[in-house]
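The briefing below goes with the sequence and the model, and is best read with both in view. Its points are grouped by topic, beginning with one helix and moving outward to the chain as a whole.

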Amino acid sequence: AAKLAALFAGMVVLVATTVGSIALGAVLVDETLALENLLALGAVLLCFGVAVAGYSVLLSSFSKERSKPAGMAAGLTLAFYVAWVVSDLSNDWEWLKNFSIFTAYDPQRALQSGHIELAHLAALIVVGVVSTIVALMIFKRRDAIA
């Protein structure tokens, strides 16, 4: 649980740094970004990070190694991305959108309009939280057996 808290804190710092860098870049090129838009961007980035971290932690709970679960998490993220891209190529494949976290991830829209889809953010959070809870149960059971 402490490692998860540290992971989340790291994600918050990374998101804050990213949003701050974008705000600074906008100032440097005389562009105006509304605070609401930057906050919306931060929310989208953080929720996406929670989802990816959640299933990454879940995959790591199945192995004592670091490299295999990390590779599997990267592969799963790539599969989600490919499914999202393919879903836009044809109506026959549009159903794939329902299986990709990238459907709920729209940072460009958040930055441009300040609008976020609460259902999309909730879906990302649910993926992350449920995955993390299952991972914690697996870790606890694995530690009790060992």
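In this predicted model, the buried residues of helix 3 are P69, A73, T77, F80, A83 and S87. Because they cover an arc of only 120° around the axis, these residues lie on the same side of helix 3, and the element they pack against is helix 2. An α-helix has 3.6 residues a turn, so residues three or four places apart point the same way.

**Helix 3**

- Helix 3, which runs over 67-87, consists of 21 residues and reaches 30 Å from its first C-alpha to its last, close to the 30 Å expected at 1.5 Å a residue.
- On the other side of helix 3 from the buried residues, S67, K68 and L78 are exposed.
- A74 also belongs to helix 3, and because its relative accessibility is 47%, between the 20% limit for buried and the 50% limit for exposed, A74 counts as partly exposed.
- A74 and H120 are 46 residues apart along the chain, and their C-alpha atoms are separated by 21 Å.

**Nonpolar cores**

- The largest nonpolar core holds 15 residues, among which F48, Y55, F80, I101, F102 and L124 touch the most other members.
- Two or more residues of this core come from each of helix 2 (35-60), helix 3 (67-87) and helix 5 (118-145), and helix 2 gives the most, with 7 residues.
- F80 thus appears both among the buried residues of helix 3 and among the members of the largest core that touch the most others.
- Leaving aside residues up to four places away in sequence, F102 touches F48, T77, F80, Y81 and W84.
- A second core, separate from the largest one, has 6 residues, including V15, V19, L38 and L41.

**Cavity and pocket**

- How many cavities of 30 Å³ or more are there? The count comes to 1 cavity, and the volume of the largest cavity is about 70 Å³.
- The residues that line the largest cavity are V44, A104, D106, R109, H115, I116, E117, H120 and L121, so that H120, whose C-alpha atom is separated by 21 Å from that of A74, is one of the lining residues.
- The largest pocket contains about 600 Å³ of space and is lined by 17 residues, of which K3, L4, V57, S60 and F139 lie nearest its centre.
- Helix 1 (2-28), helix 2, helix 3 and helix 5 each supply at least two residues of the lining of this pocket.

**The chain as a whole**

- The protein chain contains 5 helices and 0 strands, and from the N terminus on its elements follow the order α-α-α-α-α.
- Along its principal axes, the C-alpha trace of the protein chain spans about 60 × 40 × 25 Å.
- Of the 146 residues of the protein chain, 30% count as buried.
- When contacts in the protein chain between residues at least 6 apart in sequence are considered, 65% of them join residues at least 24 apart.

Technical notes: Residues are numbered from 1 along each chain as its sequence is written. This is a predicted model: local features need pLDDT of at least 70, side-chain atom pairs count only at pLDDT 80 or more; totals for chains, interfaces and linings use all residues. Side-chain values use heavy atoms; hydrogens and water are left out. A nonpolar core is a set of buried Ala, Val, Leu, Ile, Met, Phe, Trp, Tyr and Cys residues joined through side-chain atoms within 4.5 Å. Buried means under 20% relative accessible area, exposed over 50%, partly exposed in between (1.4 Å probe, protein chains only). Helices (H or I, at least four residues) and strands (E, at least two) are DSSP runs, numbered from the N terminus. Contact means heavy atoms within 4.5 Å. The expected span of a helix is 1.5 Å times one less than its number of residues. The arc is that of the directions from the helix axis to the C-beta atoms. On a 1 Å grid over the protein atoms alone, a cavity is a set of points where a 1.4 Å probe fits but cannot get out, and a pocket is an open set with protein on both sides within 12 Å along at least five of seven lines; lining residues have an atom within 4 Å of a point. Grid points are joined across faces, edges and corners, and a volume is the space filled by probe spheres set on the points.
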